[in-house]
Amino acid sequence: MGAEQPPYAEQADERLVDRCREAVDEAAFAELVRRYRGPVFRLAVSILGQEFAPEAEDVAQDVMVRMHRALGSFRGEAKFGSWIYRIAFNHALNVKARVRYRAPHVSDEALATTPSSDRSPEDQLQDARRQRAVQECIAELPEVYQSALRLHYWLGTSMSEIAAMLDAPENTVKSYLHRARQLLRAMLAERGFDAR
Amino acid sequence: MHDDDLMDQLLRDTMAARPPQLSPEFDARVMRRVRPRRLTPAGRWLIAGYVVVASAAAAWLMRDVPVSAIVAALAISVPIAVGVGAYGRRIALGD
């Protein structure tokens, strides 16, 4: 009789990958899906933007299916997480190129803060215009900056998780965010807005 | 307030919407897509019956056709059928 295996939830990714490959273990694959569905979806939605969440779910699903088919070619040279995030990043970029001219499911305005009743209508209008300008400027940033901004500010992802998703050290992610804020400030100033 | 802090706050306000959630059927849909699709026994009989009837009909219809023409027809049609089948499978799997 062999040594008793720990439950799937306690096993390392690489061990689960081995189980999927050796024994076509559906439960091991389901555990990998459970572990990575959330981060892969967040990464996809951070690339596609707030208004294309349904497409991001499709991307996450495609990535899981591709993972299943490509497990045999995973050699373990990189971490399993880095490997799957790279698949997700590239696939989300391809989908973004296809959907960018399509009408969004939700408008940008609906995603910002709801107007507060203690502010004057003029201030609320100015806030709405500024937030719209911010959304438009974000869409002009390099992809990796857009993704880092949305992961950090919108999806509340931790620095270490963003670093893993973007395959960059944490300090690099911090510099992405700093540089993105600098670029946004300059772009907003060009459009006649300030951050106040 | 420092400029960077103001920008920070503006970004938080701009991206204050509730993050989207995956639908509850996500796992089930993934598992359905990765499970090998097997024909039902009735489907297998149907395919086998089609193969037998089609082969018999083709042999009878081509009884007067020279062998070289049959070989040429197979050399053209089989690769096309395999290619179209593979392409259809790729589309069905979402590649």
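**Figure 1. Helices α1(A) and α2(A) cross in chain A.** A helix axis is a line fitted to the C-alpha atoms over the stretch in contact, and the angle between two axes runs from 0 to 180 degrees between their N-to-C directions. The model shown in this and the following views is predicted. Helix α1 of chain A covers residues 13-23, and its axis comes within 8 Å of that of α2(A), with a crossing angle of roughly 140°. The handedness of this crossing is left-handed. On the side of α1(A), the contact is made by D13(A), L16(A), R19(A) and C20(A), and these meet A28(A), F29(A), E31(A) and L32(A) of α2(A). Sorted by class, the residues of this contact comprise five nonpolar and three charged, with no polar residue.

**Figure 2. Helix α2(A) also crosses helix α4(A).** Residues 26-48 of chain A form α2, and residues 80-99 form α4; their axes come within 9 Å and cross at roughly 35°. This crossing is right-handed. From α2(A), the contacting residues are Y36(A), V40(A), L43(A), A44(A), I47(A) and L48(A). From α4(A), they are I84(A), Y85(A), A88(A), F89(A), A92(A), L93(A), V95(A) and K96(A). Of the residues in this contact, 13 are nonpolar and one is charged, while no polar residue takes part.

**Figure 3. Chain A is assigned two domains, shown here where they touch.** Chain A has nine helices and zero strands. The domain assignment places residues 11-99 in domain 1 and residues 108-190 in domain 2. The C-alpha centres of the two domains of chain A are 25 Å apart. Contact between them involves 12 residues of domain 1 and 13 residues of domain 2. On the domain 1 side, the elements that give two or more residues are α2 and α4 of chain A. That side consists of five nonpolar, four polar and three charged residues.

**Figure 4. Chain A meets chain B.** The contact draws 31 residues from chain A and 25 residues from chain B. On the chain A side, at least two residues come from each of α2, α3 (53-70), α6 (121-138), α7 (143-154) and α9 (170-190). Helix α3(A) contributes the largest share of that side, eight residues. By class, the chain A side has 17 nonpolar, seven polar and seven charged residues.

**Figure 5. Helix α3(A) is seen with its buried residues and their surroundings.** The length of α3(A) agrees with expectation, because its 18 residues should span 26 Å at 1.5 Å a residue and its end C-alpha atoms are 25 Å apart. Its buried residues are E55(A), A56(A), E57(A), V59(A), A60(A), Q61(A), D62(A), V63(A), M64(A) and M67(A). The cover over these residues includes α2 and α4 of chain A as well as α2 (26-34) of chain B. In chain A as a whole, which has 196 residues, 35% count as buried.

**Figure 6. R33(B) is located in helix α2 of chain B.** R33(B) is partly exposed, because 16 other C-beta atoms lie within 10 Å, a count between the limits of 12 or fewer for exposed and 20 or more for buried. In sequence, R33(B) and L46(B) are 13 residues apart, and their C-alpha atoms are 24 Å apart in space.

**Figure 7. D167(A) occupies a loop of chain A.** This loop lies between α8 (159-166) and α9 of chain A. The phi angle of D167(A) is near 55°, a positive value in a residue other than glycine. Most residues other than glycine have a negative phi. D167(A) counts as partly exposed because 16 other C-beta atoms are found within 10 Å.

Key:
Residues numbered from 1 in each chain as written. Chains lettered and ligands numbered in written order. Predicted model: local features only at pLDDT ≥ 70, side-chain atom pairs only at ≥ 80, totals over all residues. Helix = DSSP H or I, 4+ residues; strand = E, 2+ residues; numbered from the N terminus. Left-handed = near helix turned anticlockwise from the far one by under 90°. Contact = placed C-beta atoms within 7 Å. Nonpolar A, V, L, I, M, F, W, Y, C, P; charged D, E, K, R; others polar. Domains from an automatic or database assignment. Expected span 1.5 Å × (residues − 1).
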